[in-house]
Amino acid sequence: MSDKSIYDGLTMLGGQTVQPQSPEEAVLERVPNPQSDVDYAVRFTAPEFTSLCPLTGQPDFAHLVIDYVPGDWLVESKSLKLFLTSFRNHGAFHEDCTVSIGRRLVDTLSPKWLRLGGYWYPRGGIPIDVFYQTGEPPKGVWIPDAGVPGYRGRG
(Lines give C-alpha, C1' and ligand atoms only; values in the text may rest on other atoms or scores of the structure.)
Protein backbone atom coordinates (compact mmCIF):
# COMPACT_ATOMS: atom_id res chain seq x y z
CA MET A 1 0.00 0.00 0.00
CA SER A 2 1.31 3.42 -0.92
CA ASP A 3 1.59 6.29 1.54
CA LYS A 4 0.93 8.70 -1.34
CA SER A 5 -2.20 10.83 -0.96
CA ILE A 6 -4.26 12.42 -3.72
CA TYR A 7 -3.51 15.69 -1.94
CA ASP A 8 0.26 15.41 -2.31
CA GLY A 9 1.59 18.27 -4.38
CA LEU A 10 -1.00 20.86 -3.36
CA THR A 11 0.78 24.09 -2.45
CA MET A 12 -1.94 26.40 -1.16
CA LEU A 13 -3.75 24.50 1.61
CA GLY A 14 -2.61 24.65 5.22
CA GLY A 15 -0.58 27.82 5.02
CA GLN A 16 -0.41 31.41 3.92
CA THR A 17 -0.50 32.11 0.23
CA VAL A 18 0.36 35.20 -1.73
CA GLN A 19 -2.48 36.81 -3.64
CA PRO A 20 -1.72 36.56 -7.37
CA GLN A 21 -1.62 39.95 -9.06
CA SER A 22 -3.12 38.76 -12.35
CA PRO A 23 -5.05 35.80 -13.76
CA GLU A 24 -1.96 34.84 -15.76
CA GLU A 25 0.09 34.62 -12.54
CA ALA A 26 -2.60 32.67 -10.65
CA VAL A 27 -2.15 28.91 -10.28
CA LEU A 28 -5.17 26.64 -10.53
CA GLU A 29 -4.49 23.39 -8.71
CA ARG A 30 -6.27 20.12 -9.27
CA VAL A 31 -6.57 16.83 -7.41
CA PRO A 32 -7.50 13.38 -8.70
CA ASN A 33 -11.23 12.73 -8.58
CA PRO A 34 -11.73 9.83 -6.13
CA GLN A 35 -15.25 9.26 -7.57
CA SER A 36 -14.27 9.33 -11.26
CA ASP A 37 -16.30 6.18 -11.97
CA VAL A 38 -19.59 8.06 -11.55
CA ASP A 39 -20.92 11.22 -13.18
CA TYR A 40 -21.99 13.99 -10.79
CA ALA A 41 -22.19 17.78 -10.86
CA VAL A 42 -20.15 20.26 -8.82
CA ARG A 43 -21.20 23.89 -8.34
CA PHE A 44 -19.13 26.88 -7.24
CA THR A 45 -20.84 30.22 -6.69
CA ALA A 46 -18.89 33.47 -6.49
CA PRO A 47 -21.49 36.16 -5.70
CA GLU A 48 -18.94 38.96 -5.25
CA PHE A 49 -16.64 38.55 -8.26
CA THR A 50 -14.79 41.77 -9.09
CA SER A 51 -12.73 42.92 -12.06
CA LEU A 52 -11.85 46.29 -13.56
CA CYS A 53 -13.08 48.07 -16.66
CA PRO A 54 -10.10 48.04 -19.02
CA LEU A 55 -10.72 51.65 -20.09
CA THR A 56 -11.86 53.50 -16.97
CA GLY A 57 -10.30 51.33 -14.25
CA GLN A 58 -13.61 51.38 -12.39
CA PRO A 59 -14.70 48.17 -10.66
CA ASP A 60 -17.17 45.79 -12.26
CA PHE A 61 -19.07 43.24 -10.18
CA ALA A 62 -20.60 39.90 -11.09
CA HIS A 63 -22.27 36.87 -9.62
CA LEU A 64 -20.58 33.80 -11.13
CA VAL A 65 -22.06 30.31 -11.13
CA ILE A 66 -19.67 27.54 -12.22
CA ASP A 67 -21.10 24.05 -12.77
CA TYR A 68 -19.02 21.13 -13.97
CA VAL A 69 -19.09 17.35 -14.28
CA PRO A 70 -15.59 16.22 -13.36
CA GLY A 71 -13.62 13.64 -15.24
CA ASP A 72 -10.33 12.58 -13.71
CA TRP A 73 -9.74 15.89 -11.90
CA LEU A 74 -11.33 18.20 -9.32
CA VAL A 75 -10.36 21.84 -8.90
CA GLU A 76 -8.86 22.63 -5.50
CA SER A 77 -11.20 25.28 -4.11
CA LYS A 78 -8.64 27.57 -2.44
CA SER A 79 -6.74 27.85 -5.71
CA LEU A 80 -10.04 28.64 -7.48
CA LYS A 81 -10.79 31.39 -4.93
CA LEU A 82 -7.32 32.90 -5.43
CA PHE A 83 -7.66 32.63 -9.22
CA LEU A 84 -11.00 34.45 -9.16
CA THR A 85 -9.64 37.06 -6.75
CA SER A 86 -6.74 37.73 -9.14
CA PHE A 87 -9.22 39.47 -11.45
CA ARG A 88 -9.68 42.32 -8.92
CA ASN A 89 -6.74 44.19 -10.45
CA HIS A 90 -7.35 42.92 -13.98
CA GLY A 91 -8.89 45.10 -16.66
CA ALA A 92 -11.06 43.23 -19.16
CA PHE A 93 -14.57 43.36 -20.55
CA HIS A 94 -17.23 41.15 -18.98
CA GLU A 95 -17.24 38.77 -21.92
CA ASP A 96 -13.46 38.29 -21.80
CA CYS A 97 -13.41 37.68 -18.03
CA THR A 98 -16.24 35.14 -18.13
CA VAL A 99 -15.02 33.15 -21.12
CA SER A 100 -11.36 33.18 -20.03
CA ILE A 101 -12.33 31.76 -16.61
CA GLY A 102 -14.29 28.97 -18.30
CA ARG A 103 -11.49 28.18 -20.74
CA ARG A 104 -8.86 28.14 -17.99
CA LEU A 105 -10.95 25.67 -15.96
CA VAL A 106 -11.42 23.45 -19.01
CA ASP A 107 -7.69 23.54 -19.79
CA THR A 108 -6.81 22.63 -16.20
CA LEU A 109 -9.48 20.02 -15.47
CA SER A 110 -10.58 18.49 -18.78
CA PRO A 111 -14.07 18.08 -17.31
CA LYS A 112 -16.75 16.00 -18.97
CA TRP A 113 -18.85 19.16 -19.05
CA LEU A 114 -18.62 22.74 -17.78
CA ARG A 115 -21.04 25.67 -17.69
CA LEU A 116 -20.28 29.16 -16.42
CA GLY A 117 -22.81 31.95 -16.00
CA GLY A 118 -21.50 35.46 -15.45
CA TYR A 119 -24.31 37.69 -14.17
CA TRP A 120 -22.77 41.18 -14.28
CA TYR A 121 -24.29 44.02 -12.29
CA PRO A 122 -25.21 47.17 -14.21
CA ARG A 123 -22.85 50.03 -14.72
CA GLY A 124 -24.17 52.69 -17.03
CA GLY A 125 -27.64 51.23 -16.63
CA ILE A 126 -27.12 47.95 -18.51
CA PRO A 127 -26.49 44.57 -16.89
CA ILE A 128 -24.59 42.10 -19.05
CA ASP A 129 -24.98 38.35 -18.64
CA VAL A 130 -22.35 36.12 -20.27
CA PHE A 131 -22.69 32.34 -20.61
CA TYR A 132 -20.05 29.74 -21.51
CA GLN A 133 -20.67 26.02 -21.93
CA THR A 134 -18.61 23.17 -23.35
CA GLY A 135 -21.49 21.20 -24.86
CA GLU A 136 -24.31 18.99 -23.65
CA PRO A 137 -24.09 17.66 -20.09
CA PRO A 138 -23.78 13.88 -19.69
CA LYS A 139 -27.15 12.11 -19.66
CA GLY A 140 -28.54 11.27 -16.25
CA VAL A 141 -26.62 13.94 -14.32
CA TRP A 142 -28.74 16.29 -12.23
CA ILE A 143 -27.81 19.82 -13.28
CA PRO A 144 -29.94 22.31 -11.31
CA ASP A 145 -30.96 25.63 -12.74
CA ALA A 146 -28.37 28.31 -11.96
CA GLY A 147 -30.97 30.02 -9.80
CA VAL A 148 -29.98 33.56 -10.71
CA PRO A 149 -32.94 35.67 -11.80
CA GLY A 150 -32.61 38.30 -14.48
CA TYR A 151 -31.72 41.74 -13.17
CA ARG A 152 -34.75 43.73 -12.06
CA GLY A 153 -33.31 46.63 -10.12
CA ARG A 154 -35.56 47.84 -7.33
CA GLY A 155 -38.73 46.39 -8.40
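1. Leu105 touches Leu28, Ile66, Val75, Leu80, Ser110, Pro111 and Leu114, leaving aside residues up to four places away in sequence. Contact here means heavy atoms within 4.5 Å. The model is predicted: local features need pLDDT of at least 70, side-chain atom pairs count only at pLDDT 80 or more, and totals for chains, interfaces and linings use all residues. Residues are numbered from 1 along each chain as its sequence is written, and side-chain values use heavy atoms, without hydrogens and water.

2. Leu105 also belongs to the largest nonpolar core, of 27 residues. Such a core is a set of buried Ala, Val, Leu, Ile, Met, Phe, Trp, Tyr and Cys residues joined through side-chain atoms within 4.5 Å. Phe49, Leu64, Phe83, Leu84, Ile101 and Leu105 have the most contacts inside it. Among the elements giving two or more residues to this core are strand S2 (42-52), helix H1 (77-85) and H2. Helices (H or I, at least four residues) and strands (E, at least two) are DSSP runs, numbered from the N terminus.

3. In H2, the buried residues (under 20% relative accessible area, 1.4 Å probe, protein chains only) are His94, Cys97, Thr98, Ile101, Gly102, Leu105, Thr108 and Leu109. They lie on the same side of H2, because they cover an arc of only 135° around the axis, taken from the directions from the helix axis to the C-beta atoms. Arg103 and Asp107 are exposed (over 50%) on the face turned away from that buried side.

4. Ser110, just after H2, takes a positive phi of about 45°.
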